[in-house]
Amino acid sequence: MILQQYKIVFAGTMGAGKTAAIQTISQIQVLSTEALNTDTAAHQKALTTVGIDYGEIALDEETKVGLYGTPGQERFNFMWGVICKGALGTILLIDHSISDPIAALNDYLSTFKDMSENIIIGITHVDEKHTQSTAIYRQWQDQQKVSYPVFFVDARVKEDVLLMVDALLANAEITFSH
Ligand SMILES: Nc1nc2c(ncn2[C@@H]2O[C@H](COP(=O)(O)OP(=O)(O)OP(=O)(O)O)[C@@H](O)[C@H]2O)c(=O)[nH]1
Ligand SMILES: [Mg+2]
């Protein structure tokens, strides 16, 4: 019997792996709203989320987590607040392979911190060839007034995504239990 249902949100840059992350861990068939990508200047990929992704994972017999994916493109930012309502927290995914991931991180974080109190950051696409080192995130962390956990993950790898979900839920318990 399900006694508790939580909601968590996957947000972040276009192509970072929000839809992939939900597909990787969901125990139900993921409901996706992907359409042909017309913004190939922003990203080359064929499909992009234009509405919402929805998946589910059971933590135990009594606890279910709803997994909500946002569209990455800024033109859909009016939907972000709606999707974040009532969520335990947000996993912010940033694609390391884009030209300025730190600018993107600052940009998305400044928007999402007003909609979500509990945020953790996942840096994706670190397996690809890059000109920039991952040390930029350590430097970024050192400059923040609030400390945000940063994970280097591959959204296609189940253990990586589960690690972030666990971290977000653990953080939520700390944030919400008092
Ligand atoms: N090489 C590599 N590919 C990844 C990684 N994470 C995700 N991908 C792939 O990147 C592509 C884009 O991922 P999506 O899940 O569509 O990205 P999204 O964040 O949902 O993008 P939008 O819906 O357009 O905002 C997919 O082919 C994923 O399988 C990663 O860490 N490394
Ligand atoms: Mg998507």
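Here are some worked exercises on a predicted model, covering its salt bridges, its two ligands and a few selected residues.

**Exercise 1. Find how many salt bridges the model has, and work out which residues are linked in a network.**

Step 1. The cut-off to apply is a side-chain nitrogen of Lys or Arg within 4 Å of a carboxyl oxygen of Asp or Glu. Under that rule, the count is 3 salt bridges.

Step 2. Go through the pairs. K64 pairs with E56, and their closest N and O atoms are 3.5 Å apart. R156 meets D127 at 3.5 Å, N to O. R156 also meets D154, here at 2.6 Å, N to O.

Step 3. Look for a shared partner. R156 appears in the bridge to D127 and again in the bridge to D154. D127, D154 and R156 are thus found linked in a network of salt bridges.

**Exercise 2. For the salt-bridge residues, decide which are buried and which are exposed, and say what the R156–D127 pair ties together.**

Step 1. Recall the cut-offs: buried means under 20% relative accessible area, and exposed means over 50%.

Step 2. Apply them. E56 has a relative accessible area of 15%, so this residue is buried. D154 has 17%, so D154 is buried too. R156 has 57% and is therefore exposed. D127 is exposed as well.

Step 3. Now place the R156–D127 pair, a salt bridge of 3.5 Å, N to O. R156 sits in the loop between β8 (150–152) and α5 (158–176), while D127 sits in the loop between β7 (119–124) and α4 (135–143), so the bridge ties together parts that are 29 residues apart in sequence.

**Exercise 3. Describe the surroundings of ligand 1: its nearest residues, the make-up of its shell, and some polar contacts.**

Step 1. Start with the neighbours. There are 20 residues around ligand 1, and those that come nearest are K18, A20, T48, T49 and D127. You have already met D127 in the salt-bridge network.

Step 2. Sort the shell by residue class. The shell divides into 5 nonpolar, 9 polar and 6 charged residues.

Step 3. Trace the shell to secondary structure. Helix α1 (18–25) and strand β3 (47–49) each supply at least two residues. The largest share, 3 residues, comes from α1.

Step 4. Check the polar contacts. A polar side-chain atom of T19 lies 2.9 Å from an oxygen atom of ligand 1. Backbone atoms take part too: a polar one of G72 is 2.9 Å from a ligand oxygen, and a polar one of H125 is likewise 2.9 Å from an oxygen of ligand 1. As for cover, the protein hides 83% of the 660 Å² of accessible area that ligand 1 has on its own.

**Exercise 4. Identify the residues that coordinate the magnesium ion, and work out where they lie.**

Step 1. Name the donors. The magnesium ion, ligand 2, is coordinated by T19 through OG1 and by T49 through OG1, at 2.0 to 2.1 Å.

Step 2. Place them along the chain. T19 is in helix α1 and T49 in strand β3, 30 residues apart, and the pair links distant parts of the chain.

Step 3. Judge their exposure. T19 has a relative accessible area of 10%, so T19 is buried. T49 has 5%, so T49 is buried as well.

Step 4. Connect the two ligands. T19 also offers a polar side-chain atom to an oxygen of ligand 1 at 2.9 Å, and T49 is one of the residues that come nearest to ligand 1.

**Exercise 5. Characterise H125, H96 and A20 by place, exposure and, where given, backbone angle or distance.**

Step 1. H125 lies in the loop between β7 and α4. Its phi is near 60°, a positive value in a residue other than glycine. With a relative accessible area of 22%, H125 is partly exposed.

Step 2. H96 lies in the loop between β6 and α3 (101–112). At a relative accessible area of 1%, H96 is buried. Its C-alpha atom is separated by 9.9 Å from that of K129, 33 residues apart along the chain.

Step 3. A20 belongs to helix α1. Its 25% relative accessibility makes A20 partly exposed. A20 and P101 are 81 residues apart in sequence and 19 Å apart in space, C-alpha to C-alpha.

Terms used: Residues are numbered from 1 along each chain as its sequence is written. Chains are lettered from A and ligands numbered from 1 in the order in which they are written. This is a predicted model: local features need pLDDT of at least 70, side-chain atom pairs count only at pLDDT 80 or more; totals for chains, interfaces and linings use all residues. Side-chain values use heavy atoms; hydrogens and water are left out. Buried means under 20% relative accessible area, exposed over 50%, partly exposed in between (1.4 Å probe, protein chains only). Helices (H or I, at least four residues) and strands (E, at least two) are DSSP runs, numbered from the N terminus. A residue is near a molecule or strand if one of its heavy atoms lies within 4 Å of it. A polar contact is a pair of N or O atoms within 3.5 Å; within protein, one must be able to donate a hydrogen and the other to accept it, and residues adjacent in sequence count only if both atoms are side-chain atoms. Accessible areas come from the Shrake-Rupley method with a 1.4 Å probe; for residues, only the protein chains shown count as cover. Ala, Val, Leu, Ile, Met, Phe, Trp, Tyr, Cys and Pro count as nonpolar, Asp, Glu, Lys and Arg as charged, and the others, Gly among them, as polar. Donors are N, O and S atoms within 2.8 Å of the metal (3.2 Å for Na, K and Ca); water is not among the atoms, so sites may look incomplete.
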